[in-house]
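This report describes how strands and helices are arranged in the structure below, and how two chains meet.

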Amino acid sequence: MSKTTSIVMVGVGGQGILLATQIAARAALIMGFDVKTNEVHGMAQRGGSVVAQIRFGEKVFSPLVPEGTADVLVSLERIEALRFAGFLSPDGIAVVSSQAIIPVTVSSGQAKYPSDAEDRLRKTFRRLAYIDAVGVAERLCDTRVANVILLGAMSASLDLPAECWQEAIAQCVKPKFKEMNISAFEEGKRLAVSV
Amino acid sequence: MAIMSHTKPPRALLSGNEAIARGAWEAGVTVATGYPGTPSTEILESARAFANDIYCEWSPNEKVALEVAAGACLAGARTIVTMKHVGLNVAADPLMTLAYIGTVGGLAICVADDPGMHSSQNEQDTRHYARFGKVPILEPSDSQEAKDFVALAMQISETHSTPVLLRSTTRVSHSSGAVALGERRPTAPLQGFQKNPQRFVPIPLYGRPMRVRLEERLAALAAAANTSPANRIEWGDRSLGIIAEGIAYQYVRELAPDASVLKIGWVWPFPDELIREFAAGVRRLLIVEELDPILEEHVRSLGIACEGRSLVPGIGELSSDRLAAALGKSAPASFKIDADLPARPPVLCPACPHRGIFSALGKFDVVVTGDIGCYSLGVFPPLKRIDTILCMGGGISMAHGMQKADEKSGDTSRTLPKVVGIVGDSTFFHSGITGLLDIAYNKGAATIIVVDNRITAMTGHQDHPGTGRTLMGEDTISASVEDFGRACGIKNIATVDPYDLKESIETIGKALGSDEPWLIVARSPCPLHARKSVGPARRVDQELCKKCKACLRLGCPAIEWANDEIRVNELLCGGCTLCEQVCKEGAIAIAAAGACHE
């Protein structure tokens, strides 16, 4: 039986992780794979650390990614990648947005936000795509598409054809946002190939 | 939340909750009720997509939801009712007697448990209710089964005239998988309720024979469980046999693809013959179940030796990682995790109106009895304005109890802090009204604040009797918290704007200075639901800022302290002005719009 591909997406509640998860899962489903995802809803979602998982292959049992086995770790916030590094396989690639979202625990003086996050990321991950997704999104004039930019960057390391991704995006976003999201996706893909 | 593609695919990607809704539609369900509660909420939200065929309603609470469902099924309709695990406690009263009366149309009571307490105050195991209430319970392990088991539940319910529990867990409800879709079963015209007092009226005279019939029904159900497609033996390597149910089956298959497995989807009454056959065919027997060792204890009671809780953790949810050790597997190498990362717990959103009330309460030495909802997040620093939480509606009644205990403290030399109860609008309508009535009736003196954001927010914005809209999307009455207060006999009722700190502080001060009960309604709509900012984003003028950190004590995620500078993240700011109101230096004001603003 072929290997199950595992993706873990992390970030902060409200960053659009659920949409990114849906798009990736649909792309795999359109390709004809068995797919399972897992998401967090409810209380855990409100501005807290959020984890979503996607697995696809010939037959998928558990919706949860075992530690040390993810092929890709996508992080929409820079230190969340460090928090959830344990999911990634030693051969896996980390696709990380350089965005920093300061937790309330830091602003209220209970903890410190690491000033050397980028160094730590480079030391932790053998394969790292560190991307200014918010900067790119601002150039596209819609900061909400940072999630899809990272999805594009991630797609560069997965074996799913471009048509699957485009169809998946079309299924998951309203028609008027389709073009914007597809450009964001392509931009992300281009960035990942260049790093 | 359901994202269904416009062109109909042979398979759809559905969450367990979406799959249950789809299963209800395919099974010919015509009535669906419930009360929101993570992780169950999306079942009914997704059923709403079939509103042409299914009447859907958010009931004020789970007890009402089950009673409405009972009425519908006694009239002959196929019915589902949805709730989270603790919701079944609220609905336990009708459940216990409905088992005696039985059903006419099929009834599935869909209950979602939350092992690991992702979004719950406890991790009770709903399977106990099956035996307690003497009703069968099914437990799907993925989205496909979640859909298929609704039809199975209807069939069991109608064959045996019993309500059926359909238990899901967070990882089934909130995992998505490919589901093969079917058509809707044709529905026959409804017969309507057929009068038969000996069957439907459990007065003692008729109830005693019902009790006997109930035991006969359970014997028939136990026999049916042995041949149900929900239970099956998958023979493999016979040196290890694993009995697994629910999501645990998927973890077992992931880790031990070659082991023999007895997969249990119909959990109670237990399929004893299958269990005996399976146990006899394997050399070693392991039971893998989440939470309480219900299966394990039963297998032992059959005189069969097995392992279970001695190897499989019973606290928190399972995962293939947690099961690996029990099955003798070593964990793969993984990256080291930084130990000194700042925690990122969930927080009240930027511009949340509850923040205004918590900030105002910070001015007083009070004990705050909280309740279930977003406002439970007020427990975290820097707000720290929730001192205890028990259950839905408990914030009101507990405040009364504490105030009465203080009255009788017997120590007149010191004054105990006053007690304030905080409850949300949806929770108030759910089970807060009776507590308020108690305060008025029994001459209490607590101050109750209803933080009324006009929606059931924590579970993802569901309508309730105060919102003026039904789940079917129709305009309706908008129940008034103040009117309920007056009807209960509360004389001091004030309505405040939670974004107006001065008004909130003055009103709370007045209430705490009084010997009578007060009802304060802090009303402003949830900006996340309204999908618009309260006002324009704010900015900190670094020239004027003296870094006193008063604004940081609001615990707003949009106000950041980094590089020895306080700034407002304009992408997050909802313009609620609370920070501007607490700033003594006048350093916070409206920010200029950025280049991309429309």
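Two residues are taken to be in contact if their C-beta atoms, placed from the backbone, lie within 7 Å. The model is a predicted one. With contact defined in this way, helix α17 (residues 425-441) of chain B lies across β15, β16 and β18 of chain B. Its direction is at about 135° to that of β15(B). Helix α16 (residues 394-407) of chain B lies across β14, β15 (418-424) and β16 (447-452) of chain B, and runs at about 170° to β15(B).

**The parallel sheet of chain B**

The strands that these helices cross belong to an open sheet of five strands in chain B, in the order β14-β15-β16-β18-β17, with parallel pairing. At the edges stand β14 (366-369) and β17 (492-496) of chain B; each has a single partner strand, so one side of each is left without a neighbour in the sheet. From one strand to the next, the twist averages 20°. The partner of β17(B) is strand β18 (residues 518-523) of chain B, and five bridges in the parallel sense link the two. Within this pair, B:Val496 has B:Ala522 of β18(B) as its bridge partner.

Helix α15 (residues 354-361) of chain B is packed against several of these strands: what covers its buried residues includes β14, β15, β16 and β18 of chain B, together with α19 (501-512) and α21 (578-582) of chain B. Why is helix α15 of chain B described as largely enclosed by the rest of the structure? Eight of its eight residues are buried, so the surroundings largely enclose the helix. Among the buried residues are B:His354, B:Arg355, B:Ile357 and B:Phe358.

**The mixed sheet of chain B**

A further open sheet of chain B has seven strands in the order β3-β2-β4-β5-β7-β6-β12, and its pairing is mixed. Its edges are β3 (55-58) and β12 (266-268) of chain B; because each has a single partner strand, one side of each is left without a neighbour in the sheet. Strand β2 (residues 31-34) of chain B pairs with both β3(B) and β4(B), as the table sets out.

| Strand pair | Sense | Bridges | Bridge partner of B:Val31 |
|---|---|---|---|
| β2(B) and β3(B) | parallel | four | B:Tyr55 |
| β2(B) and β4(B) (residues 79-84) | parallel | four | B:Thr79 |

The residues of β2(B) point in two directions: B:Val31 and B:Thr33 one way, B:Ala32 and B:Gly34 the other way, and all are buried. Together with helix α2 (residues 42-47) of chain B, β2(B) and β3(B) make a right-handed β-α-β unit.

**Where chains A and B meet**

Chain A places 55 residues in contact with 51 residues of chain B. The elements of chain A that give two or more residues to this side include α1 (17-30), β2 (34-38), β5 (88-97) and α7 (162-172). The largest share, five residues, comes from β2(A). By class, the side of chain A that touches chain B has 24 nonpolar, 21 polar and ten charged residues.

Strand pairing also crosses between the chains. β2(A) runs antiparallel to strand β8 (residues 175-180) of chain B, and three bridges join them. In this pairing, A:Thr37 stands opposite B:Ser176 of β8(B).

Methods
Residues numbered from 1 in each chain as written. Chains lettered and ligands numbered in written order. Predicted model: local features only at pLDDT ≥ 70, side-chain atom pairs only at ≥ 80, totals over all residues. Pairing = 2+ DSSP bridges. Axes fitted to C-alpha atoms, helices over the stretch in contact; angles between N-to-C directions. Nonpolar A, V, L, I, M, F, W, Y, C, P; charged D, E, K, R; others polar. Buried ≥ 20, exposed ≤ 12 C-beta atoms within 10 Å, placed from the backbone. Right-handed = clockwise from strand over helix to strand, strands pointing away.
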